[in-house]
Amino acid sequence: MPGKSGRIARLSPVLGNPADIIDDYLPDNGNLGYRVSRYDLALQYKVTANRLSGVATITATASSHLKRLQLDLATSMTVARVAVNGERLRYTHRRGKLAVTLTTPVPPGGALSIVVRYAGNPRPIRGRWGEVGWEELDSGSLCANQPNGAPSWFPCDDHPISKASYRIAITTDSPFHVVANGVLAEKRTKAAQTTWVFEQAEPMTTYLASIQIGRYETVKLATTPVPVDLVAPRSLRLAAKARFAPQVEMLAVFTEMFGPYPFPRYTAVVTEDPLEIPLEAQGFSTFGANHCEPASDAERLVAHELAHQWFGNSVTLSRWRDIWLHEGFACYAEWLWSERSGGRTAAQWAEHYYAKLAATPISRPLADPGPDHMFDDWVYKRGALTLHALRLRIGDDAFFALLRHWTEKHRYGSVSTEDFTTLAADHSNEALTDLWRAWLHAPELPPFPLG
Ligand SMILES: [Zn+2]
């Protein structure tokens with residue numbers, strides 16, 4: 001729809017050339033011409049009406065001579081006002097892009113303060129990966145953005161390479177408990193409303209920004225090396241505590257294997273509703289009521305989501321095709337935890353899943369699985385097998401030194417598969433080219449790795 005001025009801005013794309021897409025797996029997301037350094041979101045949410053309103057203040061720097069800029073924002077949100085550097089501007093908002101024409105072009109390196117006032121009934125974005133983004137629950141809401149759901153609830157430059165700090169302030173009805181990224185800096189109650197203010201200092205990508213709202217209570221599980229909390233409905237507290245208790249030991253084991261935990265705290269949120277799969281966010285993960293059942297494979301999933309804090313949240317892919325750098329590593333962390341906690345060894349899991357993969361007709365390169373397949377289970381398992389093959393080749397000492405070097409060198413950064421293979425070369429006495437060719441780049445499954 002046109003901006004309030006009633007005039008429709010010209011339709012020429014801001015990127016100039018259709019080939020100038022940031023990521024061919026998500027060609028419609030992400031924007032060129034500027035880099036965001038901070039999102040300041042001041043939001044109100046009415047739970048019963050599923051009504052979200054607020055103001056997003058986005059601090060950015062122009063990376064080119066900027067006459068027009070775009071943000072990603074779903075059209076289920078209605079924009080009421082856009083201002084850039086204090087000047088109210090006309091805009092268009094269609095097909096998930098909020099486009100603003102600047103009356104005064106901003107030179108490269110120039111500062112941008114973009115203020116967007118908006119409101120609406122947020123709903124998940126439908127796409128080839130199902131429904132992602134803000135979702136209303138029976139009593140509250142959740143948001144699971146991966147990979148392109150963030151624009152369902154705030155205007156953003158929606159691409160994982162665009163990492164920024166955040167302040168998320170959300171006001172909602174007082175009986176509800178709110179979890180968002182970072183540290184709770186302030187909580188104030190006025191009449192029947194409570195405002196929760198979270199400060200996320202470490203750079204965070206848009207798909208990991210998240211707000212969970214529900215009738216929850218907090219259970220403290222540990223205070224060192226960082227506070228570890230469980231946030232769950234009262235009725236699930238005991239079951240959740242039993243299922244999530246191993247998290248404390250997991251954090252210690254993963255710190256030893258992967259290096260220091262990268263964020264100031266870790267929280268596991270359990271929703272009253274069942275969830276098909278748990279969801280990672282920066283500094284916390286969200287599980288469903290079903291993941292508290294004794295028969296569920298919650299421990300494996302708890303390990304997987306915790307490992308994402310290192311692999312995915314701190315060290316983040318630059319292109320979605322490199323998704324194995326998140327999921328392969330988190331899956332291998334499951335096997336490592338199993339091995340360490342007296343379950344099956346990583347070698348036994350490798351054998352188990354190799355047989356399963358070998359029985360499927362899938363033949364695609366791990367380092368470029370295709371957008372329709374990036375969240376397929378085979379990517380997770382072949383990714384973990386790739387790490388297992390590397391571990392057998394270079395030995396345990398070099399392998400774990402490499403993992404710690406990886407999380408330290410690229411802490412809070414953006415990475416590619418090439419960054420990993422380059423770093424691995426520093427931890428190997430022999431060339432690994434054949435290993436990478438077979439496991440990452442050849443479509444067919446290589447022979448089972450032997451030590
Ligand atoms: Zn995962």
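What distance separates the centres of domain 1 and domain 2, taken over C-alpha atoms? I began with this question and found 26 Å between the two centres, keeping in mind throughout that I am working with a predicted model.

**Entry 1: domains.** I looked up the domain assignment of the chain, which gives domain 1 as 17–214, domain 2 as 215–311 and domain 3 as 316–441. For the contact of domain 1 with domain 2, I noted that 24 residues come from domain 1 and 19 residues from domain 2.

**Entry 2: the interface of domain 1 and domain 2.** I read off a buried area of about 1700 Å² between these two domains, with carbon and sulfur atoms giving 61% of that area. I then turned to the polar side of the interface, where the rule finds seven residue pairs in polar contact, both residues being at pLDDT 80 or more, while the count of salt bridges between domain 1 and domain 2 is zero. On the side of domain 1 that touches domain 2, I listed the elements that give two or more residues, and these are β11 (140–144), β13 (177–180), β15 (193–205) and β16 (211–214). Of these, β15 gives the most to that side, with four residues. I also sorted the residues on the domain 1 side by class, and found 13 nonpolar, nine polar and two charged residues there.

**Entry 3: the zinc ion.** Which residues are the protein donors of the zinc ion? I found H304 and H308, each through NE2, and E327 through OE, at 2.0 to 2.1 Å from the ion. Along the sequence I wrote the spacing of these donor residues as H-x3-H-x18-E. I placed H304 in helix α3 (residues 298–307) and E327 in helix α4 (residues 324–340), a pair that is 23 residues apart and links distant parts of the chain.

**Entry 4: salt bridges.** By the rule used here, I have a count of 21 salt bridges. One pair I followed up is D24 with R321, whose closest N and O atoms are 3.3 Å apart. D24 lies in the segment before β1 (34–46) and R321 in the loop between β22 (316–317) and α4, so this salt bridge ties together parts that are 297 residues apart in sequence.

**Entry 5: backbone geometry.** Where in the chain is P147 found? I located P147 in the loop between β11 and β12 (163–173), and I noted that the peptide bond joining Q146 and P147 is cis, with omega at about 0°. A cis peptide bond also joins T224 and P225, with omega at about -5°, and I placed P225 in the loop between β17 (217–222) and β18 (228–232). Last, I looked up N50, which has a positive phi of about 45° although this residue is not a glycine, and which lies in the loop between β1 and β2 (51–62).

Definitions and conventions
Residues numbered from 1 in each chain as written. Predicted model: local features only at pLDDT ≥ 70, side-chain atom pairs only at ≥ 80, totals over all residues. Heavy atoms only, no water. Domains from an automatic or database assignment. Contact = heavy atoms within 4.5 Å. Buried area = accessible area lost by both parts, 1.4 Å probe. Salt bridge = Lys/Arg side-chain N within 4 Å of Asp/Glu carboxyl O. Polar contact = N/O pair within 3.5 Å; in protein donor to acceptor, adjacent residues only side chain to side chain. Nonpolar A, V, L, I, M, F, W, Y, C, P; charged D, E, K, R; others polar. Donors = N, O, S within 2.8 Å, 3.2 Å for Na, K, Ca; no water.
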